[in-house]
Number of protein chains: 2
Amino acid sequence: MNIGIVGGGAVGLLLAAYLGQRHKVTVYTRRLAQAEQLAKHGVSLKKNGETVTVAVQARPFAGAELVEPLVFVTVKQYDIAAVCAQLDSFRRVRTLVFLQNGMGHLEQLSVFADKNVVVGVVEHGAFKLDDRAVVHTGVGKLLLAPLYGSPAMAAELSGDDDFPIEWADDWERILVDKLIVNAVINPLTALLQVKNGALLDVAPYREMMAQLFDEVRQVLPLRDAGQAWQRIVHICRNTADNYSSMYMDVANGRRTEIDAILGYVLKQGEARGIALPLIRFVVCALKGKEGGNADG
Amino acid sequence: MNIGIVGGGAVGLLLAAYLGQRHKVTVYTRRLAQAEQLAKHGVSLKKNGETVTVAVQARPFAGAELVEPLVFVTVKQYDIAAVCAQLDSFRRVRTLVFLQNGMGHLEQLSVFADKNVVVGVVEHGAFKLDDRAVVHTGVGKLLLAPLYGSPAMAAELSGDDDFPIEWADDWERILVDKLIVNAVINPLTALLQVKNGALLDVAPYREMMAQLFDEVRQVLPLRDAGQAWQRIVHICRNTADNYSSMYMDVANGRRTEIDAILGYVLKQGEARGIALPLIRFVVCALKGKEGGNADG
């Protein structure tokens, strides 16, 4: 099968490396230099000290006409608007899989409502080493659910032990489940500049996590708050030694996904008149760190 | 006049340097090594690139009998209990001046209620360079008010242009005025790890400052909240290029004064049933940074 992957970040490269072992993959990048690197040398997947290199095709996304029937969109949520603006490029695509954090972008996906649209969450730990190398730091799964139409070609994909693919019926459930975890762990680790495990190991940080969770749960449609909390704790423990993506974004002076994650929760809450002082405070902290933190 | 100074931190050394120019000063330190340094070489005061060295006497506080009629206590608030526990040492002292941040320690001072007790706030910028050197980074004033008895010998002190001394009638007012500034600027700069000026210059940080102020003002007895806010902004601007003491404590892995400052506000609020989610959150953040932040 021919598969397109829009975005050459950690998730894009991880997908390219695993799917590229069985399919003909083309990576659509923002920068020409990255596309050239990938096309010339392939994508390198590093895991447990071993490196596998997988041949892929690659070209810049801007102005491209995507010829693959199945395309994964792996850009950050704040770049979804730019992808949607290039709607014509997807004329020949039949099935799109969107792998963004948050839920604020779902409305924008209605421009693709005549195609099969799948949304999913990536439960892997992955770290982009350079333009063509990704480190697979934690094996999880790719969890997918149809948003519009049928799963179509995406349903034909088979994962493997290191890269399992699972399907769910309820797209809202999988996105909310991921969002609540991201809404608590990511902003706190980024604000405090600590590894995920510190949120459990340092008692006052654990209390902060509980306080923030308490506000988030007022907004997100959780079936079982106790279960959601347990999942957060579980993920913190399993990724204790990892730095969250938002931590890394702040540490490297990059834009974070705070808008997509906690900003979305804040907006939802405000629309319903729920006071969310902590969420507002933490969103401000991350916005400040993104914007003008010359000291940080 | 013979003057004793308990504590060899930035404030203790600053007082020793200025008062030592006109009076016979003895500094009571925690560590013998510091007392030896001070007694041997004097205290060095650095200001605008110039250094003045002032001869002082010095000895360890533990077990000492203070013979000076007037004693300044400059230890951090969390060490006041240890000072009070050594009550016998102050048998011959007639007037005590306490220069701690916060207000939670005032109850403990009742053990000295048979003496003249003065409380005060230090509005200077000072930075301890080493055991016997202090940098005077910002000229402010020493503001004093009687708590028990009369100002007594303290009233005889005369300041100078670089070290003015002022008196106020209302001890609660001067402590609250200082506390509200410390409660907002110190914890935020320490949490965000930014200079004081960033709280004004970075719009989302300024919003955080306003949010935190909004909770603090619900607890502290402010006569004029607008004026208090203006004073915070004014101090932020005047010290824009400085790092707050709490920032420095966190950066250097030292214990902070969070308990004395925001912890006190939290307790006061709790006692009156006022919900203070942000204050609780920020107190936890600083407690965590003090305790177990192996990454920070």
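No salt bridges are found by the rule across the interface of chain B and chain A; a salt bridge here is a side-chain nitrogen of Lys or Arg within 4 Å of a carboxyl oxygen of Asp or Glu. The model is predicted: local features need pLDDT of at least 70, side-chain atom pairs count only at pLDDT 80 or more, and totals for chains, interfaces and linings use all residues. Side-chain values use heavy atoms, without hydrogens and water, residues are numbered from 1 along each chain as its sequence is written, and chains are lettered from A and ligands numbered from 1 in the order in which they are written.

Stay with the chain interface. The rule finds 4 residue pairs in polar contact between chain B and chain A, both residues at pLDDT 80 or more. A polar contact is a pair of N or O atoms within 3.5 Å; within protein, one must be able to donate a hydrogen and the other to accept it, and residues adjacent in sequence count only if both atoms are side-chain atoms.

Three helices of chain B, H4 (171–192), H6 (203–216) and H10 (277–292), each supply at least two residues of the side that touches chain A. H10(B) gives the largest share, 11 residues. Helices are DSSP runs of H or I with at least four residues, strands are runs of E with at least two, and both are numbered from the N terminus.

By class, this side of chain B has 15 nonpolar, 5 polar and 6 charged residues. Ala, Val, Leu, Ile, Met, Phe, Trp, Tyr, Cys and Pro count as nonpolar, Asp, Glu, Lys and Arg as charged, and the others, Gly among them, as polar.

In total, 26 residues of chain B are in contact (heavy atoms within 4.5 Å) with 26 residues of chain A. The two chains bury about 2200 Å² between them, with 68% from carbon and sulfur atoms. Buried area is the accessible area (1.4 Å probe) that two parts lose on being put together, summed over both.

Now the symmetry. A turn of 179° and a shift of 0.0 Å along the axis lay chain B on chain A with an RMSD of 0.1 Å. That is the relation of a two-fold axis. Copies are superposed by least squares on the C-alpha atoms of residues with pLDDT of at least 70 in both. In chain B, the C-alpha of B:Leu278 is nearest the axis, 3.0 Å from it. Both copies use the same surface: 100% of the contact residues of chain B recur in chain A.

Next, look inside chain A. An automatic or database assignment sets the domain bounds: domain 1 covers 2–169 and domain 2 covers 174–291. Their C-alpha centres lie 25 Å apart. In chain A, 18 residues of domain 1 are in contact with 15 residues of domain 2. These domains bury about 1500 Å² between them, 65% of it on carbon and sulfur atoms. A:Tyr78, A:Asn101 and A:Met103 lose the most area on the domain 1 side, together 43% of what that side buries.
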